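Visitor: Please take one part of this model and go through it closely. I would like the salt bridges, with the burial of the residues that form them.

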Amino acid sequence: MSAPSTPVLPYGRQTIEDDDVAAVAEALRDDFLTTGPRVEAFEAAFAKSVGARQAVACANGTAALHLAMLALGVGEGEVCIAPSITFLATANCARYVGAEVVFADVDPLTGLMTPRTLEDAIERCGGRPIGAVLPVHLRGDIAELPALRKIADAAGAAVIEDACHALGSRMTFDNEPAQAGDGRWGDLAVFSFHPVKTLTTGEGGMVTTNDARLAERLKLMRSHGMIRPPGADPWWYEMPEIGFNYRLPDVLCALGLSQLAKLPRFLERRRALARRYETAFAALSPLARLAERPAWSDPALHLMTALIDFEATGTTRAEVMAGLKARGVGSQVHYIPVHRQPYYAARYGIADLPGADAWYARCLSLPLYPAMADGDVERVVGALAEVLGVSP
């Protein structure tokens, strides 16, 4: 084994260029560091980019999920359904508003909630009212939205797309193209601008919707629940209901606008790297394969997730991750099933979700970000082959 003589490849990282730095510096010199014109400019540009009528910026993806719940009025006495394979916040946002969570299983090859697993989760709700269903576009692949929407409608539930991984991902159902967050199948969609995501503002989030009433609710809840009544004195404000400080500053919106301008380049680079991974991974079969892509999904992948039969290789995931790290390759696990987290296990017990457990047992995320060189993909796959003992 050779020691890493080249830079370590993390599983993901931001791409910050000189024009991004210049945009932030310009914003710092302006009068408004927050609640200024760049916020609305970023929202308008983002809405146009994903094909939605409305977009509301906020502090981060978790805040976006919380605001979506608040806008819909989800609360105590209701349940929300989230897949167990996701980040904690997808489930936690229901608890923030007093709702309970029922976890849906996932397809073990895609990590996605399916119509069958949603129907099973609804059955386990035991007749309680369902406030929202939260399909997650894991890694950037799109969940089967039309079927999930139909099931949610029959259950009287809203649909919140967790699109934090899926900016720029496309889908085709019944020969009709659509895009993550365009509002065709979801009441609201949430995005994250964390540094490892497709576009970054350092920290930040966005909620998209085609419902103007929901957009107004999002804006109200984003800023303490404050209103300025028509005709009131200029200093006057009122708070009819309690809200939060989930605003995204102009400085960060300046970075978002700069990043959004080069989003097409970022998306194409991710797609090109994904194609190289698909070719290179053929040599690792059957011990390792890439996560399966649904037929309707054309993703701009946020995560490059391998499914590895660790038992067949005679090694553990921890050993594989350590071996990759020694060869200058970073990796991560997405995700530990949320239904097994101590908080939820204590509250609900541990549901039998074999798809989620099977996904977790095999998943490993490998480097994927626009600044990677073509040869980095072969370097990653070669390192993985060496650690797994697979001959090229």
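Guide: Arg-276 has a relative accessibility of 31%, so this residue counts as partly exposed. Glu-378 comes out at 35% and therefore also counts as partly exposed. In this predicted model, the side chains of these two residues form a salt bridge, with an N to O distance of 3.2 Å. The pair connects distant parts of the chain, since Glu-378 belongs to helix H14 (residues 374-388) and Arg-276 to helix H9, with their positions 102 residues apart in sequence.

Salt bridges with shared partners also make one network out of Glu-17, Asp-19, Asp-20, Lys-262 and Arg-265. Within it, the side chains of Asp-20 and Lys-262 meet at 2.9 Å, N to O. Asp-20 sits in helix H1 (residues 18-29), while Lys-262 is in the loop between helix H8 (250-261) and helix H9 (263-280), so this salt bridge ties together parts 242 residues apart in sequence. Asp-20 and Lys-262 are both buried.

Another salt bridge joins the side chains of Asp-30 and Arg-38, at 2.8 Å from N to O. Here the two partners fall into separate classes of exposure: Asp-30 has a relative accessible area of 36% and is partly exposed, whereas Arg-38, at 15%, counts as buried. The cut-off that matters for this assignment is 20% relative accessible area, under which a residue is called buried.

As for the total, a search of the whole structure gives 25 salt bridges; the pairs described above include Glu-378 with Arg-276 and Asp-20 with Lys-262.

Technical notes:
Residues are numbered from 1 along each chain as its sequence is written. This is a predicted model: local features need pLDDT of at least 70, side-chain atom pairs count only at pLDDT 80 or more; totals for chains, interfaces and linings use all residues. Side-chain values use heavy atoms; hydrogens and water are left out. A salt bridge is a side-chain nitrogen of Lys or Arg within 4 Å of a carboxyl oxygen of Asp or Glu. Helices (H or I, at least four residues) and strands (E, at least two) are DSSP runs, numbered from the N terminus. Buried means under 20% relative accessible area, exposed over 50%, partly exposed in between (1.4 Å probe, protein chains only).
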